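Open the structure in a viewer and keep the selection tool at hand. The stops below go from one element to the next.

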Amino acid sequence: MNADEPELTYLEDETLRSYTWSTGEIVGAFLEALRDRGKILGALCGGCGTVAVPPLSYCESCGSSVRDWREVGPLGVVTSWARVAGPHDGAPVEAPFRYVLVRLAGADTSMLHVAPDDEKVRTGATVVPEFAEVRTGSITDIKWFVPEGSAPAEKKKKRVSHDIEAAKAAASGGQVTEVDGELRLSYRHSYGEHYERFYREMRDNRRIMGVRCSRCGAVLLPPRPYCGFCFEPAEEWVEVSDEGTLVTYTVAYPPFAGRPAEPPRTYAFIMLDGADVQFPHLLGEVSTGDIEVGMRVKAVWAEDRKGTPHDIEYFRPL
């Protein structure tokens with residue numbers, strides 16, 4: 001191993017996933033009221049009379065469906081809180097800040113949201129919502145909850161009842177049916193003894209190494225301490241070829257965040273010469289119409305190898 005090369009003990013990366021969440025009729029009307037009127041609505045249970053915020057289609061207490069709406073707040077009481085001192089992935093606001101559970105006036109459930117890192121934000125404190133300047137029909141239309149008196153707040157009004165259709169008709173920006181978002185996840189995967197050597201050989205020597213089972217003789221790829229066929233130890237290292245046979249494949253057309261290549265992408269299982277376990281990777285330099293099961297392929301190695309699965313860019317037809 002080159003002394004200048006870093007030791008391969010873990011793989012650190014992040015993945016980004018986009019999603020679209022269908023709101024349904026009840027939550028859709030709740031978000032429309034936030035966006036278009038700056039009002040917080042609770043769902044009144046038709047059975048036990050519980051007012052739930054955020055609303056649910058069915059009551060968690062008795063299982064009955066929603067009967068109508070109740071306007072709640074804007075005053076609320078903090079029932080619990082937790083301080084976030086430093087930044088973390090997916091944080092809704094810049095740290096430091098506080099997560100809070102707020103029981104709004106007129107509601108029977110507590111609402112999870114955020115608050116500034118203010119000593120006044122504590123259990124039992126009275127808070128009011130501060131709305132975002134630009135509202136889009138999501139829970140972030142409430143920027144956060146702030147201590148009463150620290151920001152302009154709407155005057156508290158007498159609670160009124162609205163049926164679902166009336167609440168939806170009051171929305172001027174159209175029905176909220178979907179909410180788009182992104183989920184960013186950072187992770188660190190510990191290589192362990194077997195994967196450390198596996199990726200080091202790929203990075204430094206452009207070699208693909210497997211291990212041989214001590215009982216059945218199967219060559220396992222990627223390497224692992226025990227055989228997946230007979231569960232005996234696999235301790236002998238064996239070099240396998242970077243050429244092999246295409247066993248099966250699938251072509252993915254839709255785009256998605258974090259994709260390893262632009263669509264269409266062909267994902268393949270390849271039986272490398274000398275191995276007894278199929279190796280998953282990408283196919284390249286071939287049109288989808290020319291791909292055939294059983295075709296011979298060869299690895300295309302990256303010039304800048306770092307000890308990751310991407311040290312092989314893809315496999316191409318021979």
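**Stop one: helix 1**

Select residues 24-37, which form helix 1: at 1.5 Å a residue its 14 residues should span 20 Å, and its end C-alpha atoms are 19 Å apart, which agrees. The expected span is 1.5 Å times one less than the number of residues. Helices (H or I, at least four residues) and strands (E, at least two) are DSSP runs, numbered from the N terminus.

This is a predicted model, in which local features need pLDDT of at least 70 and side-chain atom pairs count only at pLDDT 80 or more, while totals for chains, interfaces and linings use all residues. Residues are numbered from 1 along each chain as its sequence is written, and side-chain values use heavy atoms, with hydrogens and water left out.

Of the 14 residues in helix 1, 10 are buried, so the helix is largely enclosed by the rest of the structure. Buried means under 20% relative accessible area, exposed over 50%, and partly exposed in between (1.4 Å probe, protein chains only). Among the buried residues are I26, F30 and L34. Just after the helix, select G38, which has a positive phi of about 65°.

**Stop two: a sheet of 3 strands**

Now show strands 12, 13 and 14, an open sheet in the order 13-12-14 with antiparallel pairing. Strand 13 (219-220) and strand 14 (234-240) are at the edges with a single partner strand each, so one side of each has no neighbour in the sheet. Strand 12 (residues 208-213) pairs with strand 13 over 2 bridges; two strands pair if DSSP finds at least two bridges between them. Within this pair, R212 is opposite V219.

**Stop three: helix 3**

Which strands of the sheet does helix 3 touch? Helix 3 (residues 192-205) touches strand 12 and strand 14, and its direction makes about 145° with that of strand 12. Contact means heavy atoms within 4.5 Å; axes are lines fitted to C-alpha atoms, for helices over the stretch in contact, and angles run from 0 to 180 degrees between N-to-C directions.

Buried residues of helix 3 include F198, Y199 and M202. Just after this helix, R206 has a positive phi of about 55°.

**Stop four: cysteines**

The whole structure has 0 disulfides, a disulfide being a pair of cysteine sulfur atoms within 2.5 Å. Select C59 and C48: their sulfurs are 3.6 Å apart, too far for a bond. Then select C227, whose nearest cysteine sulfur, in C213, is 3.7 Å away. C227 is buried, with a relative accessible area of 2%.
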